[in-house]
Amino acid sequence: MRILLHRADGKTEPWIKDFAKYLPEAEIEIWHAGEKNQACDYAVVWAPPEAMLPELSTVKAIFVTGAGVDALLKFSDALPPHIPIIRLEDAGMAVQMAEYVTHSVLRYFRRFDEYEAQARAGTWAPLPQHHKEDFAVGVLGMGVLGTRVLAALAPFGFPLRSWSRTEKSMPGVQTFTGADGLDTFLRGSRVLVCMLPLTPDTSNIMDRTNMSKLPAGAYIINVARGAHIAEPDLLTLIKSGHIAAATLDVFRNEPLPAQHPFWQEPRITITPHISALTLRRESVQQIAANIRKTEAGEQVAGVVNRTLGY
Ligand code: NAP
Ligand code: GLV
């Protein structure tokens, strides 16, 4: 069995070693632009270059080394529809998301961001406390990662809400679906956490209209994709005070350009797309298990619905 591997960072050796450990029967072929590659059974990619499409069109399945598949699905029209695209499910990312989002929610609820600024200015001044009943946390997307985030927040006693495409049920979480549910969901969410896949339906979902529906003094945490937020609208609403602050891990252009106005806005906290990193060993283990199942004709989890885009 032969696997075609593409790594934009060129760091392929550790992946080859992990595949040798967890799928020793596989030969790993590294994709290089302009070179003739041997025919492969499977491909393992994250954001493949367009030049790789001919090789991606002849494999039995394409494995994506992340939860989101937008960087591959932008080429969906060029990929034969019978080739399954299989994403990572959790693979060590869910607990990282839980850490990141819990930290951010507690930072705003306990006003640590304001105390950090006060400390830098040498100011000793207790601030009024926020009340939990005014601090509902709304999670857009209740999939693998959103569900884990909600479970992590539950013990703190925040009112919890979620919005998804299909009906859900989770003890202690008020659930909303569809366009009608979105309006009510937004109006009651003091903290809005985005955990959606990027699809034509969710692009720009946090635009001026929708962010204006959040209660005054709301907080935004975006750990999904930069294109979920209309960036100029967020700046306008932060400057007006309607949005109190935002923590952003993802951006339309990454790395965030040096001239981007977000860098100058103290109420925006920026991290470099690290909220849930792909863990190589866990990822290779999951992909190896799924390849074995595919070879055995069994069903695998994480198959992307190309029509829905996630
Ligand atoms: P997932 O399991 O597929 O969950 C996606 C959720 O979004 C589901 O609940 C789905 O609803 C909901 N959804 C999709 N389209 C919708 C729509 N049009 N309206 C309402 N709800 C919609 O995905 P996941 O594994 O949790 O990952 C979520 C995203 O996190 C990824 O796509 C990726 O963009 C992002 N991510 C970011 C990082 C990072 O480091 N920043 C790391 C990993 C992942 P249903 O349940 O009803 O289908
Ligand atoms: C990272 O952004 C992922 O989608 O896994």
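This text walks through a predicted model, from a strand pair near the start of the chain to a cavity and a pocket.

Begin with the strands. β1 covers residues 2-5 and β2 covers residues 27-30. The two run parallel, and four bridges join them. Within this pair, Ile 3 stands opposite Ile 28 of β2. Between the strands the chain passes through helix α1, residues 13-22. The resulting β-α-β crossover is right-handed.

Next, take Glu 55. This residue sits in helix α2, which spans residues 53-56. Setting aside neighbours within four places in sequence, Glu 55 touches Leu 4, Trp 31, Glu 35 and Asn 37. Leu 4 falls in the residue range of β1. With Trp 31, the link is also polar: the two side chains make a polar contact at 3.4 Å. Leu 196 lies elsewhere. Its C-alpha atom is 29 Å from that of Glu 55, and the two residues are 141 places apart along the chain.

Now look for enclosed space. Rolling a probe the size of a water molecule over the atoms reveals where empty space remains. A search of the whole structure, with a threshold of 30 Å³ or more, returns one cavity. The volume of this largest cavity is about 40 Å³. Which residues line the largest cavity? They are Leu 140, Leu 182, Leu 186, Leu 192, Ile 205, Met 206, Asn 210 and Met 211. By class, seven are nonpolar, one is polar and none is charged. The polar one is Asn 210. Two helices, α7 (178-187) and α8 (208-212), each give at least two residues to this lining. Leu 182 and Leu 186 fall within the range of α7. Asn 210 and Met 211 fall within that of α8.

Turn last to open space. The second largest pocket holds about 270 Å³. Its lining counts 16 residues, and those closest to the centre are Asp 113, Glu 114, Ala 245, Pro 266 and Arg 267. Which elements each supply at least two lining residues of this pocket? Helices α4 (93-109) and α5 (112-120) do, as do strands β11 (243-248) and β12 (268-270). The largest share, five residues, comes from α5. Asp 113 and Glu 114 lie in the range of that helix, while Ala 245 lies in the range of β11. By class, the pocket lining divides into seven nonpolar, two polar and seven charged residues. The cavity lining, by contrast, has no charged residues.

Key. Residues numbered from 1 in each chain as written. Chains lettered and ligands numbered in written order. Predicted model: local features only at pLDDT ≥ 70, side-chain atom pairs only at ≥ 80, totals over all residues. Heavy atoms only, no water. 1 Å grid on protein atoms, 1.4 Å probe; cavity = no way out; pocket = protein on both sides within 12 Å on 5 of 7 lines; lining within 4 Å. Points joined across faces, edges and corners; volume = space filled by probe spheres on them. Pairing = 2+ DSSP bridges. Right-handed = clockwise from strand over helix to strand, strands pointing away. Contact = heavy atoms within 4.5 Å. Polar contact = N/O pair within 3.5 Å; in protein donor to acceptor, adjacent residues only side chain to side chain.
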